[in-house]
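Hi everyone, thanks for making time. I'd like to walk you through a structure that's probably new to most of you, so let's get it up on the screen.

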Amino acid sequence: MSTNFWELLQKQQDSLTKSGRTVAEYLTQHADEAQYLSISSLARECNVAEATVFRFCRALGFDGYHEMRIALAQANATGSPLHPRELEPGAPTETLCEHASALFMTAINGTQNSLSPVAVERAVDLMRQAKQVFCMGQGGSWLLANDICARFGSISTKFRTAGDSHLQLITASLMGPEDVVLFISYSGATRDMLETLRTAKSAGAKIILLTHYEDSPGAALADIVLRCGAQESPLDSGSIPIKVAVLYVGEVLLLRYTLDDPETSNSAQDRTSEALTMKMV
């Protein structure tokens, strides 16, 4: 929407319900933090129902929560000249390098602080006991799932992936109690993901979800949630620092998996390394 978020809020302020004004007050006082919250998290912070937040969004003229969150992020970016995402045009390359480095370190540190060691250990236990582990995601997350699958593929043939959402749904329908799904979704709230997870769960498979939002619909279906603590603005969806933070979690899983059975893992890595030797010139 072309109208500034704060202008919309000011125009509709008098027509909001009492609970809607509660949401508006929270957004006004916590604008920067709020742009990173899921609808469930915002509802909890405001002590209102998710339906109240949704009605608030509609009252301002938005189709839903995601559109409202984007508008809020845009207003934050344009209304705050010191916003950390802002760089002056013509900034020297050295400054760009420092800026990018800070983004990556912030993403990894945020994830390290949020990631539960107990959850990692439980996830690896499920993966080790599984007959098959399916690494899945959609869009950019699917590419990350493939990367993680490839890393585990060097030590075991039971790690697999699937293609688009249709193939993932088909694969999920054929799973069993001995199978595990490692699904990557920053939001934990995409429709295709929910269809796949519900189908896999109905088939008896265990679900590990790597996400930012522990209170997302996907997290409610998961047996184990691994939290990526890096914050992603809705204006910066698919950012590379977030991808690196997700791969960091993948590396932690791999390290735990290999160190729990070093003899088998080292033997497998020796064999796969030897097999690839002939590919080198």
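**A quick tour of the chain**

So, buried residues account for 43% of the 281 residues in this protein chain. Keep in mind as we go that what you're looking at is a predicted model.

Some overall numbers, then. The protein chain has 14 helices and five strands. If you take the C-alpha trace along its principal axes, it spans about 70 × 50 × 30 Å. The accessible surface is about 15000 Å², and 53% of that belongs to carbon and sulfur atoms. On charges, there are 23 positive and 32 negative ones, and their mean positions sit 7 Å apart. And here's one about how the chain meets itself: among contacts between residues at least 6 apart in sequence, 70% join residues at least 24 apart.

Okay, on to the aromatic rings. In general, you describe a pair of rings by the distance of the centres and the angle of the planes. How many aromatic pairs does the count come to here? It comes to six. Take Phe152 and Tyr257: the ring centres are 5.5 Å apart and the planes are at 90°, so this pair is edge-to-face. These two come from distant parts of the chain, with Phe152 in helix 9, residues 140-152, and Tyr257 in helix 13, residues 240-260, which puts them 105 residues apart. Phe152 and Tyr257 are both buried.

Another pair to look at is Tyr186 with Tyr213, which is also edge-to-face, at 5.9 Å centre to centre and 80° between the planes. Why does this pair tie together parts that are 27 residues apart in sequence? Because Tyr186 lies in the loop between strand 3 (179-184) and helix 11 (191-202), while Tyr213 lies in the loop between strand 4 (206-211) and helix 12 (217-221). Tyr186 is buried, and Tyr213 is too.

There's a cluster as well: Phe5, Trp6 and Phe62 form one aromatic cluster.

Now back to Tyr257 for a second, since there's a charge to point out. Arg128 lies over the face of the Tyr257 ring, at 4.1 Å from the ring centre. Arg128 turns up again when we look at Thr258, a residue of helix 13. Leaving out neighbours within four places in sequence, Thr258 is in contact with Arg128, Ile155 and Ser265. Is Thr258 buried or exposed? Its relative accessibility is 13%, so Thr258 counts as buried.

Let's follow that contact over to Ser265, which has its place in helix 14, residues 262-277. Ser265 is buried, with a relative accessible area of 3%. With neighbours within four places set aside again, Ser265 is in contact with Ile155, Tyr257 and Thr258. So if you're clicking around on the screen, Ile155 shows up in the contacts of Thr258 and in those of Ser265.

Next stop, Gly229. You'll find Gly229 in the loop between strand 5 (224-227) and helix 13. With a relative accessible area of 12%, Gly229 is buried. Which residues does Gly229 touch, not counting those up to four places away in sequence? They are Gly110, Thr111, Ser114 and His212. Also, the C-alpha atoms of Gly229 and Ile108 are separated by 8.0 Å, with their positions 121 residues apart along the chain.

For another view of distance, look at Leu194, in helix 11. Leu194 and His99 are 95 residues apart in sequence, and in space they're 36 Å apart, C-alpha to C-alpha. Leu194 counts as buried, at 11% relative accessibility. Not counting residues up to four places away, Leu194 touches Pro217, Gly218 and Leu221.

Last residue, I promise: Asn47. Where is Asn47 found? It's in the loop between helix 4 (39-46) and helix 5 (50-59). Asn47 is exposed, with a relative accessible area of 70%. Now, most residues other than glycine have a negative phi. Asn47 isn't a glycine, and its phi is a positive value, near 60°.

That's my tour. If you want one place to start on your own, try Tyr257, with Arg128 over the face of its ring and Phe152 as its edge-to-face partner. Happy to rotate things around if anyone wants another look.

Key
Residues numbered from 1 in each chain as written. Predicted model: local features only at pLDDT ≥ 70, side-chain atom pairs only at ≥ 80, totals over all residues. Heavy atoms only, no water. Phe/Tyr/Trp six-rings, centres within 6.5 Å; stacked < 30°, edge-to-face > 60°. Helix = DSSP H or I, 4+ residues; strand = E, 2+ residues; numbered from the N terminus. Buried < 20%, exposed > 50% of the residue type's maximum accessible area, 1.4 Å probe, protein only. Lys NZ or Arg CZ within 6 Å of the ring centre and 35° of its normal. Contact = heavy atoms within 4.5 Å. Areas by Shrake-Rupley, 256 points an atom, 1.4 Å probe, with all protein chains shown as cover. Lys, Arg positive; Asp, Glu negative; His and termini not counted. Charge placed at Lys NZ, Arg CZ, Asp CG, Glu CD.
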